[in-house]
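User: Could you walk me through how the helices and cores fit together here? I'll fire off questions as we go.

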Amino acid sequence: MGRVAEHPDTFRSGFACFVGRPNAGKSTLTNAMVGSKVVITSSKPQTTRTVVRGIVNRDDAQLVLVDTPGLHRPRTLLGERLNDLVRTTWAEVDIVAVCFPADEKPGPGDRFILTELAKVRRTVKFAVATKTDLVTPEQLAAHLLAIQALADDLGVEFAEIVPVSAKSGDQVGLLADLFVGRLPEGPQLYPDGELSDAPEENIAAELIREAALEGVRDELPHSIAVVVEEMALKPDRPADKPLLVIHASLYVERDSQKGIVIGHRGARLREVGTAARKQIEAILGTPVYLDLHVKIAKDWQRDPRQLRKLGF
Ligand SMILES: Nc1nc2c(ncn2[C@@H]2O[C@H](COP(=O)(O)OP(=O)(O)OP(=O)(O)O)[C@@H](O)[C@H]2O)c(=O)[nH]1
C-alpha cells in the first residue's frame with residue numbers, strides 16, 4: 001500500500017541525545033546529521049561541556065539533537081554535577097544513542113555508561129557503531145557482536161545497533177530515519193531554519209575554552225572555565241561592516257596555570273585569542289573583536305558557589 005513512507009500524514013518531533021565515552025564521535029555525528037558545525041569537535045577527549053542542540057528539519061519530522069557532556073566516574077563536585085545533568089537528560093529525551101567507536105574495543109567506560117543507562121526505563125535506546133570507515137567489515141562484525149554481548153550482560157535493550165561513519169556520511173541518513181521512526185507524533189518544536197538554540201555566548205565560550213586547552217590539555221584538563229562577560233555588535237558601524245565585540249574571562253584554578261595559559265610575554269594567550277576569534281567568526285558569520293582576560297578562581301571545581309557563577 002505504501003502510504004506512510006511516501007506521504008506521511010503524521011508529523012513527528014522529539015529529542016535524541018548521543019552518549020558515549022570521550023572521543024566516541026558524538027559531536028561529529030551530531031554535526032553530520034544537522035549538516036552544519038554547531039557542536040564543537042576536537043581530536044582530544046572531554047571537550048563537550050555544555051548541552052548544545054542541533055536540529056534536523058525534515059518534511060515529516062523535527063529531530064532535536066542534544067549533546068550532553070560525557071559521563072565520568074565523579075572525582076569532584078563538578079564531575080557529580082555533570083553526571084546528574086546527563087542522567088536528567090536521558091530521562092527527558094525520547095532517544096538515547098550510545099556511540100561505540102568501531103576502532104576501539106568496548107571497555108570499562110562503556111560498561112559504566114550502560115550500567116547507568118539500564119536504570120533509565122522509558123527512553124528508547126540505540127547503539128551506534130561510529131567511525132566505521134576506520135575498520136574492515138570483519139572488524140565491524142566483531143564490534144557489533146561485542147556491543148550486543150555487553151548490552152545483554154548489563155540488561156540494556158537496544159532498539160537497533162547501527163553502524164555509521166560521520167566522516168564519509170555512510171548510514172547517517174539511515175540513522176536519522178530510524179530515530180524519526182521512534183519519535184512521538186507532535187508539532188514542530190522550533191521554527192524552521194533554526195539550527196541551534198544554544199545561546200551564541202555559549203558557543204563563543206566553548207570555542208574559547210577549546211582554543212585555550214589546545215596543546216595544554218594534559219596539564220590543565222578540567223581546570224579552565226570561560227565566561228563571556230559581554231557580547232554585542234559594536235554600535236555606529238555601517239550595516240555591511242558589522243563587528244561583534246566579545247569580552248571574555250578565562251578562569252583557571254592556580255597561579256601556575258595562569259602562566260601556562262598566558263605564555264611567555266602573553267604569546268600563548270594571543271594565539272588562543274586568534275584561534276578562537278577565527279572559529280567564532282566562521283560559525284557566527286560576523287567579524288569579531290575578542291578581548292580575553294585570565295583570572296584565578298581558586299579550586300573552582302570543588303566550590304558550589306563558584307560552579308554556579310560559572311554556569312554549572
Ligand atoms: N575516521 C573517522 N573519524 C571520526 C569519525 N567521527 C569522529 N571522528 C574523529 O574522532 C575524534 C573525536 O570525535 P568527536 O566527535 O569530537 O567525539 P566526541 O564523542 O564528541 O568527543 P567528546 O566531546 O570528547 O566527548 C575526532 O578527531 C573526529 O574527527 C568518523 O566517522 N570517522
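**Helix 7 and its surroundings**

Analyst: L213 lies in helix 7; helices (H or I, at least four residues) and strands (E, at least two) are DSSP runs numbered from the N terminus. Bear in mind that this is a predicted model, where local features need pLDDT of at least 70, side-chain atom pairs count only at pLDDT 80 or more, and totals for chains, interfaces and linings use all residues. Residues are numbered from 1 along each chain as its sequence is written.

User: Is L213 buried or exposed?

Analyst: A residue is buried if 20 or more other C-beta atoms lie within 10 Å of its own, exposed if 12 or fewer, and partly exposed in between, with C-beta atoms placed from the backbone. L213 has 22 other C-beta atoms within 10 Å, so L213 is buried.

User: Which residues is L213 in contact with, leaving aside its neighbours within four places in sequence?

Analyst: Contact means that two C-beta atoms, placed from the backbone, lie within 7 Å. With the neighbours within four places in sequence left aside, the partners of L213 are L220 and I224.

User: At roughly what angle do the axes of helix 7 and helix 9 cross?

Analyst: Axes are lines fitted to C-alpha atoms, for helices over the stretch in contact, and angles run from 0 to 180 degrees between N-to-C directions. The axes of helix 7 (residues 200-213) and helix 9 (residues 267-284) come within 8 Å. They cross at roughly 145°.

User: And which residues of helix 9 make that contact with helix 7?

Analyst: On the helix 7 side, it's E200, I203, A204, L207, I208, A211 and A212. Facing them from helix 9 are V272, A275, A276, Q279, I280, I283 and L284.

**Helices 4 and 5**

User: Why is helix 4 oblique to helix 5?

Analyst: The axes of helix 4 (residues 108-117) and helix 5 (residues 137-154) come within 10 Å and cross at roughly 45°. Angles under 35 degrees count as roughly parallel, over 145 as roughly antiparallel, 65 to 115 as roughly perpendicular and the rest as oblique. The crossing angle therefore makes helix 4 oblique to helix 5.

**The core**

User: Which strand gives the largest share of the largest nonpolar core?

Analyst: A nonpolar core is a set of buried Ala, Val, Leu, Ile, Met, Phe, Trp, Tyr and Cys residues joined through C-beta atoms within 7 Å. The largest one has 45 residues, and A16, C17, V96, A97, V98, A127 and V128 touch the most other members. Its largest share, 6 residues, comes from strand 4 (residues 95-101).
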